[in-house]
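This report walks through a set of helices, their buried faces and their charged pairs. Please keep the sequence and the model side by side while reading.

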Amino acid sequence: MPVKEIRAIEFGLHLGEGMEAKIEQAVKGLGSGDYRERDKSDKLLVELGPHSYPAVLEASRGKELEVANRAKEIVKKLQARHPKKDLK
């Protein structure tokens with residue numbers, strides 16, 4: 001593509017279709033009363049890695065104590081598994 005035809009460049013994390021909703025639902029699932037739902041959400045967020053990091057980091061600073069504590073643990077797991085440059 002010729003440079004003169006470029007109108008805009010977007011930098012940042014771009015998630016696939018439906019991924020944002022999936023991550024949001026998983027973060028909510030961290031506060032579920034059902035252990036299996038919490039465990040499933042935890043595993044999914046860790047599995048999604050850098051894609052879920054911004055949402056999990058935000059949740060770790062939230063007011064819901066249960067969700068914040070679980071999110072902090074996931075943040076630690078993600079930081080241990082992925083280079084810092086990938087977790088922006």
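A residue counts as buried under 20% relative accessible area, as exposed over 50%, and as partly exposed in between. By that rule R70, at 25% relative accessibility, is partly exposed. The model is predicted.

**Helix 4**

R70 lies in helix 4, and so does E66. Helix 4 covers residues 65-81. How well does the span of helix 4 agree with its 17 residues? At 1.5 Å a residue, helix 4 should span 24 Å, and its end C-alpha atoms are 25 Å apart, which agrees.

The buried residues of helix 4 are V67, A68, A71, I74, V75 and L78. Seen down the helix axis, they fall within an arc of 125°, so they line one face of helix 4. Helix 1, helix 2 and helix 3 are what these buried residues pack against. The other side of helix 4 has L65, K76 and A80 exposed.

**Helix 1**

Helix 1 spans residues 19-29. Its buried residues are I23, A26, V27 and G29. Viewed down the axis of helix 1, they fall within an arc of 155°, so they too line one face. What covers them? The cover includes helix 2 (35-48), helix 3 (53-60) and helix 4 (65-81). Turned away from the buried side is a face with the exposed residues E20, A21 and K28.

**Salt bridges**

How many salt bridges does a search of the whole structure find? The search finds 7. Side chains of opposite charge can pair when their charged atoms come close. Among the salt bridges are these three, with N to O distances.

| Salt bridge | N to O distance |
|---|---|
| K28 and E24 | 3.7 Å |
| E66 and R70 | 2.6 Å |
| E73 and K76 | 3.6 Å |

Each pair stays within one helix. K28 and E24 both belong to helix 1 and sit 4 residues apart, about one turn. E66 and R70 are also 4 residues apart, in helix 4, again about one turn. E73 and K76, likewise in helix 4, are 3 residues apart, about one turn of the helix. An α-helix has 3.6 residues a turn, so residues three or four places apart point the same way.

How accessible are the partners? In helix 1, K28 is exposed, with a relative accessible area of 55%, while E24 is partly exposed at 45%. K28 is thus part of the face of helix 1 turned away from its buried side. In helix 4, E66 is partly exposed, with a relative accessible area of 41%, and its partner R70 is partly exposed at 25%. E73 is partly exposed at 41%, whereas K76 is exposed at 52%. K76 is on the other side of helix 4 from the buried residues, along with the exposed L65 and A80.

**A nonpolar surface patch**

Which residues form the nonpolar patch on the surface? M1, V3 and I6 form it, with about 370 Å² of accessible area together. I6 is found in the segment before helix 1. With a relative accessible area of 39%, I6 is partly exposed.

**In brief**

Helix 1 has its buried residues on one face, within an arc of 155°. Helix 4 has its own on one face, within an arc of 125°. The salt bridges include K28 with E24, E66 with R70, and E73 with K76. M1, V3 and I6 add a nonpolar patch on the surface.

Methods:
Residues are numbered from 1 along each chain as its sequence is written. This is a predicted model: local features need pLDDT of at least 70, side-chain atom pairs count only at pLDDT 80 or more; totals for chains, interfaces and linings use all residues. Side-chain values use heavy atoms; hydrogens and water are left out. Patches are made of residues with over 30% relative accessible area and no salt bridge: like charges are joined within 9 Å, nonpolar side chains (Val, Leu, Ile, Met, Phe, Trp, Tyr) within 5 Å. Accessible areas come from the Shrake-Rupley method with a 1.4 Å probe; for residues, only the protein chains shown count as cover. A salt bridge is a side-chain nitrogen of Lys or Arg within 4 Å of a carboxyl oxygen of Asp or Glu. Helices (H or I, at least four residues) and strands (E, at least two) are DSSP runs, numbered from the N terminus. Buried means under 20% relative accessible area, exposed over 50%, partly exposed in between (1.4 Å probe, protein chains only). The arc is that of the directions from the helix axis to the C-beta atoms. Contact means heavy atoms within 4.5 Å. The expected span of a helix is 1.5 Å times one less than its number of residues.
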